[in-house]
Amino acid sequence: MDVLRRQERNGIKKERNEAMSFKIAIDGPAGAGKSTIARRAAAELGFLYVDTGAMYRAIALGLLRMGTNVSSEAALADALSRIEVGLGYEDGIQKVFLNGEDVSSLIRTEEVSNMASSAAAKPQVRAKLTQLQRGIAEENNVLMDGRDIGTVILPDAQLKIYLTASVETRAQRRYKELCGKGETAIFDEIAADIRERDYRDMHRETAPLRQAEDAVLVDSSELTVEEVTARIISLVRAKRQKNA
Ligand code: CDP
């Protein structure tokens, strides 16, 4: 436990030693470059990188494998009781496990992306992962990326960033990524998928994607990965100096 807690004599007031643990929340829409940038920034800072999207994706893969009808609350509850998501790290790289199986390389398909976005709108799914994510942040200096990190999961994060880019830029990046992997990709379909996912993520009732009031807005449309990473590192250093 790297968070020091001091219980006052009267047993009411708990104090946290914030200097011991630092939490960075990065939220933003699909394809804004969160994972690439977050991974690099975390490595440079020596923080634990937590890709929460991978957890939603692992659940989505589980639901797809079981053929679950996610619009039925009972079917979803039953499926979720049979799904266990875990995180592990190998050489600093996050691995995600579905019932003990390393599914890190199986969760990046468009089918899983779309199911993840639909499943993520379900309160039962969010409740399951909220607990897991908060637990990880309690015990480590983390850089966590997702959709609701600054607003719901870590509202007390010392630094919040809302990373975005235009739909065209994001679709272009996804297109290149898929082509690079040798997969067939149609630009217009990717752009339409991104628009649809943005809409679902921003308009769902539970934990919708939105910029936290105290988040710094970073638009990566005209910036390279290195430029955005450097900007984030300098924001962290400025905050840490201020808090020191
Ligand atoms: O990489 P990309 O931005 O496309 O997606 P991701 O971060 O891997 O997340 C996959 C899906 O999970 C997103 O479309 C969101 O709907 C959902 N998600 C969420 O609702 N909350 C999070 N904290 C992370 C992901």
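A residue counts as near the ligand if one of its heavy atoms lies within 4 Å of it. Keep that cut-off in mind for these exercises, and remember that this is a predicted model.

**Exercise 1.** Find out how many residues surround the ligand, and sort them by class.

*Solution.* Start with the count: 19 residues surround the ligand. Next, pick out the closest, which are Arg-57, Arg-126, Arg-174, Arg-197 and Asp-201. Then sort the shell by class: ten of its residues are charged, five polar and four nonpolar.

**Exercise 2.** Look for side chains with an N or O atom close to a ligand oxygen, and give the distances for Arg-174, Asp-201 and Arg-197.

*Solution.* Take Arg-174 to begin with: a side-chain N or O atom is 2.3 Å from an oxygen of the ligand. For Asp-201, the matching distance is 2.6 Å. For Arg-197, it comes to 2.8 Å. Now step back to the ligand as a whole: on its own it has 520 Å² of accessible area, and the protein covers 97% of that.

**Exercise 3.** Work out where the ligand sits, and which elements give two or more residues to its shell.

*Solution.* First, the site: the ligand sits in the largest pocket. The elements you're after are α2 (52-66), α4 (110-119) and α8 (187-203). Of these, α2 gives the most, with four residues.

Last, check out the pocket itself. Its volume is about 970 Å³, and 48 residues line it. Ser-35, Asp-51, Arg-57, Arg-108 and Arg-174 lie nearest the centre. By class, the lining splits into 19 charged, 16 nonpolar and 13 polar residues.

Technical notes
Residues numbered from 1 in each chain as written. Predicted model: local features only at pLDDT ≥ 70, side-chain atom pairs only at ≥ 80, totals over all residues. Heavy atoms only, no water. Polar contact = N/O pair within 3.5 Å; in protein donor to acceptor, adjacent residues only side chain to side chain. Areas by Shrake-Rupley, 256 points an atom, 1.4 Å probe, with all protein chains shown as cover. 1 Å grid on protein atoms, 1.4 Å probe; cavity = no way out; pocket = protein on both sides within 12 Å on 5 of 7 lines; lining within 4 Å. Sits in = over half its atoms within 2 Å of the grid points. Nonpolar A, V, L, I, M, F, W, Y, C, P; charged D, E, K, R; others polar. Points joined across faces, edges and corners; volume = space filled by probe spheres on them.
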